[in-house]
Amino acid sequence: MMNSPRKRAAIQQDRFGLKTAAYLSAGSADLPYDISERLRAARVQAVSKRKIATTQTAGGIVNTGGSAALTWGTDEGLSWWARIGAVLPLIALVIGLLAINSIQDDSRAQELAEVDSALLTDELPPAAFADPGFVQFLKATRPTVTAQ
Amino acid sequence: MATEQELSDFLKSVEKRAFKRSIYHVRDEEAALDIVQDSMMKLAQHYGDKPASELPMLFQRILSNTTLDWFRRRKTRSALFSNMSEFASPGDDGDFDLLETLETLNNSEGTESAQDATERAQILHEIELQIQELPDRQREAFLMRYWEEMDVAETAAVMGCSEGSVKTHCSRAIHALSKALSAKGIKL
């Protein structure tokens, strides 16, 4: 209810604007002949220079794929080169994967070795003797050590 | 993507209004024709592959930018060659040929009485004069909003301003037009 005078004013404004626009539309419909003709010529010229999209249709791609599959074994002249060309990236990929695998194995073994050597060379903290599990471990391993 | 026919139909539907709008801005028939032609060409060359639904907004923006470019070029030229004749406004009262306007109106609408046609032509002439007197941004907002029938958001996008600014420009334009027309004894 608070907005009703504002709304009414907005409606009146819109009505005035549309009435004015109606007069303008009536005026623009009756342009002189030479102006209309020049506009028409400009339009024709613009349309003739229209940008045409160069997107490839799905049908075209499917057809290209089909023809590639069909020519795979028939074109003898290019088949060997084509096969080598197709296999090379695959070989490179396999070699790359193997290299990554071996590098990762090496680095993991290296990390484990570092941790082991750090544990073996480090001094035993006093708190370890208070640990019941460690005491049990010492008891269990002592007979074998003394036996040796 | 808009077909050639769709693009042509779209341009046909907007070319006359675009020409009149340009005249209200630049007040020069030749310049207005050049602006509309440039705008059509830019739309077709750069956006001819866009969907038909996107063309109106694109065209309005191109038309506004091309009009601005024209003003910038004229400003540069005026600064280089200060020629006072360029400042003369061709949109003065003296250019209005009532007989010519009456003739076209009578040809187009045979049923309309001579008195009605005269009245309509006079009102239209007054409206056009008052629209030319509006500040640029108010005129642009008013014409896009009511003549091109764009909503507030679209007008704001084309003008590169907020929706609030569009509303303010439109409101001020309507008040100014209403006041000026009332002062001339015209009531819409």
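Two residues count as being in contact when their C-beta atoms, placed from the backbone, lie within 7 Å. Keep that cut-off handy for the exercises below, and remember that this is a predicted model.

**Exercise 1. The A–B interface**

Work out how many residues of chain A touch chain B, and which elements of chain A supply them.

Step 1. Start with the count: 27 residues of chain A are in contact with 39 residues of chain B.

Step 2. Now sort the chain A side by element. Two helices, α1 (4–29) and α2 (33–48) of chain A, each give two or more residues. The largest share, 13 residues, comes from α1(A).

Step 3. Sort that side of chain A by class, and you get 15 nonpolar, 5 polar and 7 charged residues.

Step 4. As a check on the prediction, look up the model scores: ipTM is 0.71 and pTM is 0.57.

**Exercise 2. Two helices across the interface**

Decide how the axes of α1(A) and α1(B) are arranged where they cross.

Step 1. Get the geometry. The axis of α1(A) and that of helix α1 (residues 4–26) of chain B come within 9 Å, crossing at roughly 105°.

Step 2. Angles of 65 to 115 degrees count as roughly perpendicular, so α1(A) is roughly perpendicular to α1(B).

Step 3. Find the residues that meet. From α1(A) come A:Leu24, A:Ser28 and A:Ala29, and from α1(B) come B:Lys16, B:Arg17 and B:Lys20.

Step 4. Class them: this contact has 2 nonpolar, 1 polar and 3 charged residues.

**Exercise 3. A helix pair inside chain B**

Do the same job for α7(B) and α8(B), starting from the angle between them.

Step 1. Place the pair in the chain. Chain B has 8 helices and 0 strands; α7 covers 152–159 and α8 covers residues 163–183.

Step 2. Read the packing: the two axes are 8 Å apart, at an angle of about 100°. That makes α7(B) roughly perpendicular to α8(B).

Step 3. List the contact. B:Val152, B:Ala153, B:Thr155, B:Ala156 and B:Met159 of α7(B) face B:Glu163, B:Val166 and B:Lys167 of α8(B). By class, that is 5 nonpolar, 1 polar and 2 charged residues.

**Exercise 4. Two positive phi values**

Say where B:Arg27 and B:Glu149 sit, and whether each is buried, partly exposed or exposed.

Step 1. Recall the background: most residues other than glycine have a negative phi. Here, though, phi is near 55° for B:Arg27 and also near 55° for B:Glu149.

Step 2. Locate them. B:Arg27 is in the loop between α1 and α2 (29–47) of chain B, while B:Glu149 is in the loop between α6 (136–147) and α7 (152–159).

Step 3. Count neighbours. B:Arg27 has 16 C-beta neighbours inside 10 Å, so it counts as partly exposed. B:Glu149 has 11 other C-beta atoms within 10 Å, so it is exposed.

**Exercise 5. Length, burial and confidence in chain B**

Compare the span of α5(B) with its expected value, then see how far to trust the chain.

Step 1. Helix α5 (residues 114–133) has 20 residues and reaches 29 Å from first C-alpha to last, close to the 28 Å expected.

Step 2. Its buried residues are B:Ala121, B:Ile123, B:Ile127, B:Gln130 and B:Ile131. Across chain B, 30% of the 188 residues are buried.

Step 3. Check confidence. Chain B has a mean pLDDT of 81, with 82% of its residues at 70 or more. Go carefully over residues 83–106, where the pLDDT is below 50.

Notes. Residues are numbered from 1 along each chain as its sequence is written. Chains are lettered from A and ligands numbered from 1 in the order in which they are written. This is a predicted model: local features need pLDDT of at least 70, side-chain atom pairs count only at pLDDT 80 or more; totals for chains, interfaces and linings use all residues. Helices (H or I, at least four residues) and strands (E, at least two) are DSSP runs, numbered from the N terminus. Ala, Val, Leu, Ile, Met, Phe, Trp, Tyr, Cys and Pro count as nonpolar, Asp, Glu, Lys and Arg as charged, and the others, Gly among them, as polar. Axes are lines fitted to C-alpha atoms, for helices over the stretch in contact, and angles run from 0 to 180 degrees between N-to-C directions. Angles under 35 degrees count as roughly parallel, over 145 as roughly antiparallel, 65 to 115 as roughly perpendicular and the rest as oblique. The expected span of a helix is 1.5 Å times one less than its number of residues. A residue is buried if 20 or more other C-beta atoms lie within 10 Å of its own, exposed if 12 or fewer, and partly exposed in between; C-beta atoms are placed from the backbone. pLDDT is the predictor's confidence in each residue, from 0 to 100.
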